[in-house]
Amino acid sequence: MKKVKGLRWLVVCLVGLATVINYIDRNALAVMWPGVAEDLNMGKEDYALILSFFMIAYALGQTAFGKIFDQIGTRFGFLLSISIWSISIALHAVAKSVLSFGIFRFTLGFGEAGNWPGATKANAEWFPVKERALAQGIFNSGASLGAVISAPIIAWMYVTIGWQMTFVCIAALGLLWIIPWVIVYKSSPDKHPWITEEERNYIIKGQKPEPEPDDIAQEEEYVPTLRELLKLKQSWAIILMRFFIDPVWWLFVSWLPIYLADQFGFDVKQIGLFAWVPYVGAAVGSLFGGWLVGVWLRKGWSVNKARKTIIYLGCLIMIPPLILTAYAATPLIAVLLIAVILFGFQIAIGNIQTLPSDYFSGKSVGSLAGVSGSAAVIGVLITIWLVPVITATSYVPFFVLGASLVPLALVSFALLGGKIKPVTNLISK
């Protein structure tokens, strides 16, 4: 059988494409909301309630799919996840009320949640430690690319065929993605028939970081259960950091179109012209953060030093533009500042999302990624409920809220993260 060189990069591109589709689907309602709200006589409070259905399911789905991916594997886990979310987005076309939208957003959120523990698990399976941040950056740039292209494409489709048919058309993307996935992702790299022996050895040998001189030698791989994971401070460092920092991203994913409509009087077409700009910054940040860590690791930096430096850098980049955007006078200045915010966010988050695989075995990565993702969603839900209240007269509190969350994330990591290296059974005791 013919071997495929660089098979791991084909896998990461397919997962990245699934992430693009994931964000096209989830962003569609936000982009078209001014039109949908006018047709169905709904307001900002209705939108927050509908979004809450999505986020509650997203929280449940993160933990559920973390376990599902660990149990049935990456191949079938992605098949299940994308099938659920594609059918759900198609059903949006028949929604007529807050309740029906809420039901379909709930199933959409549950299905879409699987993309992230799945991506983290695929990363842990297919990439050596020194390439994981770049691979995670490619996954995350898929989210940014999906957000970039969704705004103008969905706005154009809305104007051309209406919001109902737009939901049906974008649903087809996920179902079509299944075809190449089933063909390419036959198994993990240790058993895949297409992988070259050279690439297989490169991946497997690079799964664990080189031990540092002061590290305790590991006698055996430590594979904690979910209950054991929740007793470890390293797990809580990831969980709390995601709880505080993820809402910053979702403030813009969920509310940017509404912010542009409220603050600058935009309609759906104008939203399509402006709302994609911040995600260009996010896409660049995704790739830059992963690339820079790879450079540092190749220069001999430890995983601990490289990962911490890039996480702190990304967070520090976010804070000044979060404050400045509160007083942006024009939509162009606003979206450019938000692009810087999302640039910093993606630099940090791509490396935060690799931490489960830095600390633990691939057999536990999906579970911890799922739990931390659920914690992130809980944080997002709290901000979703706050936004309609704090933006009643001004969006200044909206940006102040975002700026206050970043330091809390950094403090959580600094206090609980410890040294970034594999956790052993000896250490856990």
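A salt bridge is counted here when a side-chain nitrogen of Lys or Arg lies within 4 Å of a carboxyl oxygen of Asp or Glu. The structure is a predicted model, in which local features need pLDDT of at least 70 and side-chain atom pairs count only at pLDDT 80 or more, whereas totals for chains, interfaces and linings use all residues. Residues are numbered from 1 along each chain as its sequence is written, and side-chain values use heavy atoms, with hydrogens and water left out.

**View 1. A salt bridge within helix α9, between Asp 246 and Arg 242****.** The side chains of Arg 242 and Asp 246 meet at 2.8 Å, taken from N to O. Because the two residues are four apart in helix α9 (residues 233-264), about one helical turn separates them; helices are DSSP runs of H or I with at least four residues, numbered from the N terminus. Asp 246 has a relative accessibility of 7% and therefore counts as buried, and Arg 242, with a relative accessible area of 8%, is buried too. For these classes, buried means under 20% relative accessible area, exposed means over 50%, and partly exposed lies in between, with a 1.4 Å probe and protein chains only. By the salt-bridge rule the count comes to eight.

**View 2. The network of salt bridges that joins Arg 8, Glu 131 and Glu 199****.** Side chains of opposite charge can pair when their charged atoms come close. Arg 8 forms a salt bridge with Glu 131, where the closest N and O atoms are 2.9 Å apart. This pair links distant parts of the chain, since Arg 8 belongs to helix α1 (residues 7-40) and Glu 131 to helix α6 (residues 129-184), 123 residues apart. Arg 8 also forms a salt bridge with Glu 199, the closest N and O atoms being 3.0 Å apart. Here Arg 8 lies in helix α1 and Glu 199 in helix α7 (residues 197-205), so the pair ties together parts that are 191 residues apart in sequence. Arg 8 is buried, with a relative accessible area of 11%; Glu 131 counts as buried at 12% relative accessibility, and Glu 199 is buried with a relative accessible area of 5%. The C-alpha atoms of Arg 8 and Ala 135, which are 127 residues apart along the chain, are separated by 9.4 Å.

**View 3. Helix α13 and its crossings with α11 and α6****.** Two packed helices are described by the angle between their axes and the distance between the axes. In this view, axes are lines fitted to C-alpha atoms, for helices over the stretch in contact, and angles run from 0 to 180 degrees between N-to-C directions. The axes of helix α11 (residues 277-298) and helix α13 (residues 331-352) come within 7 Å and cross at roughly 30°, which means that α11 is roughly parallel to α13. Angles under 35 degrees count as roughly parallel, over 145 as roughly antiparallel, 65 to 115 as roughly perpendicular, and the rest as oblique. The axes of α6 and α13 come within 9 Å and cross at roughly 130°, so α6 is oblique to α13. The crossing of α11 with α13 is right-handed, and α6 likewise passes α13 in a right-handed crossing; a crossing is right-handed if the near helix is turned clockwise from the far one by less than a right angle, and left-handed if anticlockwise.

**View 4. A nonpolar surface patch with residues from α2 and α15****.** Ile 56, Leu 60, Phe 106, Ile 378, Ile 382, Trp 385 and Leu 386 make a nonpolar surface patch of about 620 Å². Patches consist of residues with over 30% relative accessible area and no salt bridge, with like charges joined within 9 Å and nonpolar side chains (Val, Leu, Ile, Met, Phe, Trp, Tyr) within 5 Å. Accessible areas come from the Shrake-Rupley method with a 1.4 Å probe, and for residues only the protein chains shown count as cover. Helices α2 (44-72) and α15 (362-390) each supply at least two residues of the patch, and α15 gives the most, with four. Leu 386 is found in helix α15 and counts as partly exposed at 35% relative accessibility.

**View 5. Asn 41, in the loop between α1 and α2****.** Most residues other than glycine have a negative phi, and most peptide bonds are trans. Asn 41 has a positive phi of about 55° although it is not a glycine, and its relative accessible area of 71% makes Asn 41 exposed.
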